[in-house]
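Thanks for coming. I will keep this short and go through one structure element by element. Please have the sequence and the 3D view open.

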Amino acid sequence: MDKYLVIVESPTKAKTIRKFLPNNYIVEASMGHVRDLPQSAADIPEKLKKEEWTKLGVNVKKDFEPLYITPKGKSKVISLLRSKMKDVKAIYLATDEDREGESISWHLIEILKPKVPVKRMVFHEITKTAIKNALEETREVDQNLVKAQETRRILDRLYGYTLSPLLWKKIAYGLSAGRVQSIGLRLAVERERERIMFKKADYWDIKAMVYPTAKTAKVAFETKLIALKNKKIATGKDFEDLTGKLAKNKEKELTILDEKAAKNLTAELKKSDWVVDSMEEKESVARPAQPFTTSTLQQEGNRKLHLSAKDTMRIAQRLYEEGLITYMRTDSPNLSQEAINGARKSIVDLYGKEYLSPEPRQYKSKAASAQEAHEAIRPAGSDFVHPDDTGLSGKEKALYELIWKRTMATQMAEAKKLTLSVRIVAGDAEFASSGTRIVFPGFLRVYVEGSDDPEAALDEKEVILPDFKVGDKLKTDSIEPLFHETKPPARFTEASLVQRLEKDGIGRPSTYASIIGTIQDRGYVRKDGTALVPTYTGMAVVQLLEKHFTELIDYNFTSQMEYSLDEIAIGVKDWLVYLKEFYSGKDGLEKKVIEREKKIKPEESRTILLPQITEMEVKVGRFGPYIIAAKGKKKTEEVHASIPEDIAPADLKQEHINQLIEISQKGPTPIGKHPETGENIYCLVGRYGPYLQLGEVTEENPKPKRASLPKNYDPKNVDIQSAAQLLILPRILGKHPDTKKEIKANNGRFGPYVVHDGEFRSLKKTDDVYTITLKRAVELLAEEKKSKRGSTLIKDFDKHPKTKKKLAVYQGKYGFYIKHGTKNITIPEESRDLAKIEKMKVEDIVKIISSANK
């Protein structure tokens, strides 16, 4: 029987596809990309190291020819694929259907150089039907898609490797600029500037609880003041952010209540008669949201499940590769007929015909992009697997359930609501109340946007008012004047930033997660709860780019670049002409950098312009942000003070600066002596905020004991007892019973933890870093560590008998692997089975490691 080789990206995908193919089809994984541009000088082949252009990884003088190298560790994968190519009649490339997948297929052909026919098979879900159809309807590798992806990689390399060295020279070493990441950062910085310029406005209103006097049972409901003497009462939305005053076109129309007026009016209203003046009842319908695209999945994953964009995509990738959902990188909300039929069948089975929409609903994409997959993210196949029958758990089940519910909702009946609007008059004041009754829940029974529990959300959506009619008198149960102040524009969350990127056409569905991940990893933004807060370094980077390379971080320019890549993908734009214009043209990037570099002054670039700070300079340096203030009568001397990184640029106020300057001017003045050791205790301020230090820095004691000062402590008023208690940390709890090495407890930047032999575990809410015992620390250290990469521990083999390094098997993005100390070793194909791994003994693992090291 003829043999055929099918190549996919990951072992998980290979395992799923294998189930739907005959036994004469060999399925192997490329483990992602098999070729890429060099990441460092060490990657450049020895014979090319002297070539200047290789530093860029692209030979711009030779038609932008990229230098492709085989990434470390991929040689074995390539050798395995070559060995599997022997004696096969044809090769099927079954990589993902987007541009990146097309590019991987092309690179496989280039590096394997097969002599048998090569066929490209494409599918958007891994089901028996989809795989069968893909085998029957193969095509050639689409060179336009390949060129679009290659152009993107070259563009990103030219942008990053040309501008980043400039940032190193002018601001600080190690900084980087990115074609799309810099735009994402600019959005966060501009929002921070809006917060800086924001002027707060104060206003008052009145809330009352009232009830009909004619009823025997007192059923009170809430009503709010909306007008006084026929003029509407001003609310938050009526004030301008930049002035804190009413918009000019509203000054004559609205009344602003201050505290005195609100309290006087409250006293008058207590004596007034309250009468129902009007009632209006309206029927309305609510329609379900469209099925998930990549961006809306990331937004809801963040809002509902508190997942980062990166984690949402990692889990979605796994669900796709396991055959549970359709392809997860798409900007199309379209549903296939198969999907519509599957959803409608499940609705009838689970909820009954009355919950089915009268006609099937179909959704069309508003996006002009032609890059991504052609269908929305939905459960795979024609018979949707119920979330309880998937065998999933945790976040994987939660995300699948989200996709399942959203898809189901698209084919469910509209929700019908009855809204009652009531106006109540009391003296010269007019109040308003509204009630809502769900007449028929429809799709809300299964899915409410932004809510985890549809049933609870339905209850919250209903506000039932008691029975009354126009002219009925009401009594007050309570009247309360309420103080309000306007809020500055909210910082972006991951969800709102993805929404904005998509709206402005910046990046594509496959890039949103990497944009957000990169600006965090680079230290340009940090997370405060769910908010993305730009750091001072991030502000400096954007400031330089705005001043000297305005067009490169222009939103329209970046959006147009994406459109050009789309045109290359469909063959209507020449990739080489585009690259030459961008980099080598009359106004190209290369010329811009050469012309402008000398004009950029480092000191100016390191100075952050903050409108609220006028008499001092805020700068970024090697050890973080700091202030320079003039001191002395003639203001000729300078005092420097570090700005703690947890003070956001928009939150930096004069009182913070005064406190930081005061502490810095005093220098290391002790707050007292340690009650036991007699050493001086100092309260100092560093990059990560105030901290305590025991003793002085000397040659004999270059690193005195230090402890972070918790946020609830005032650095100027720390008493000696509290300081001594805080300096207990780090506590040596004792030696681990197995290794005989020390276990310590300490406070870190991300909270309290215990550490042993380089292994860290965060303390639970019930643990106290000052009282935790050795026994409890050992328990915590024994718990499975959550991997940042999303890997799961499958089996712990304790230690290698010879090297004494930790030994365990994990399941990661690309399947099962052995972790030997810090080294990862791929498990051979014949052993990549959970049942086989669970039966393995330590000697089996040692044998695999020995073979891998040969």
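W274 has L474 in β14 as its bridge partner. Keep in mind throughout that what you are looking at is a predicted model. The strand pair behind that contact is β11 with β14, residues 473-485, joined by two bridges and running antiparallel. β11 itself covers residues 274-286, and it also pairs with β12, residues 415-426. That pairing is antiparallel too, and it extends over twelve bridges. For a landmark in it, take E283, whose bridge partner in β12 is L418. As background, strands of a sheet pair through backbone hydrogen bonds, either parallel or antiparallel.

Now to another sheet. In what order do the strands of the open four-stranded sheet come? The order is β21-β22-β23-β24, and the pairing is antiparallel. At the edges are β21, residues 670-673, and β24, residues 706-708, each of which pairs on one side only. From one strand to the next, the twist averages 25 degrees. β21 is joined to β22, residues 680-686, by three bridges, and these two strands run antiparallel. Within β22, N680 is the residue that stands opposite K673.

One residue in this region is worth picking out. E699 sits in the loop between β23, residues 689-694, and β24. Is E699 buried or exposed? Its relative accessibility is 78%, so E699 counts as exposed. If you want a sense of scale, the C-alpha atoms of E699 and A227 are separated by 73 Å, and the two residues are 472 apart along the chain.

Next, charged pairs. Side chains of opposite charge can pair when their charged atoms come close. How many salt bridges does a search of the whole structure find? The search gives 60. I will show three of them and one network.

The pair I start with is E562 and R179, where the closest N and O atoms are 3.3 Å apart. E562 belongs to helix α16, residues 555-569, while R179 is in the loop between α5, residues 143-170, and α6, residues 181-197, so this salt bridge ties together parts that are 383 residues apart in sequence. Both E562 and R179 are buried.

Then there is E222 with K207, where the closest N and O atoms are 4.0 Å apart. Here E222 comes from strand β8, residues 221-228, and K207 from strand β7, residues 202-212, so the parts tied together are 15 residues apart in sequence. E222 is partly exposed, at 38% relative accessibility. K207 is also partly exposed, with a relative accessible area of 23%.

The remaining pair is E430 and R423, with the closest N and O atoms 3.6 Å apart. E430 has a relative accessible area of 26%, which makes it partly exposed. R423 counts as partly exposed as well, at 30% relative accessibility. As for the network, E9, K13, D96, D98 and R329 are joined into one by salt bridges that share partners.

Last item: helix α3, residues 99-112. It has 14 residues and spans 20 Å from its first C-alpha to its last, close to the 20 Å expected at 1.5 Å a residue. How many residues of α3 are buried? Eleven of the 14 are, so the helix is largely enclosed by the rest of the structure. Among the buried ones are R99, E102, W106, H107 and L112. What do the buried residues of α3 pack against? They pack against β1 (3-8), α2 (75-85), β5 (88-93), β6 (118-120), α5 and α16. Just after the helix, K113 takes a positive phi of about 50 degrees.

Of those neighbours, I will look at α5. Two packed helices are described by the angle between their axes and the distance between the axes. The axes of α3 and α5 come within 8 Å and cross at roughly 100 degrees. The two helices are therefore roughly perpendicular to each other. On the α3 side the contact involves R99, E100, E102, S103 and W106. On the α5 side the residues met are Q143, L145, V146, A148, Q149, E150 and R152.

That is all I have. I can put any of these views back on the screen.

Definitions and conventions: Residues numbered from 1 in each chain as written. Predicted model: local features only at pLDDT ≥ 70, side-chain atom pairs only at ≥ 80, totals over all residues. Heavy atoms only, no water. Pairing = 2+ DSSP bridges. Axes fitted to C-alpha atoms, helices over the stretch in contact; angles between N-to-C directions. Salt bridge = Lys/Arg side-chain N within 4 Å of Asp/Glu carboxyl O. Buried < 20%, exposed > 50% of the residue type's maximum accessible area, 1.4 Å probe, protein only. Expected span 1.5 Å × (residues − 1). Contact = heavy atoms within 4.5 Å. Parallel < 35°, antiparallel > 145°, perpendicular 65-115°, else oblique.
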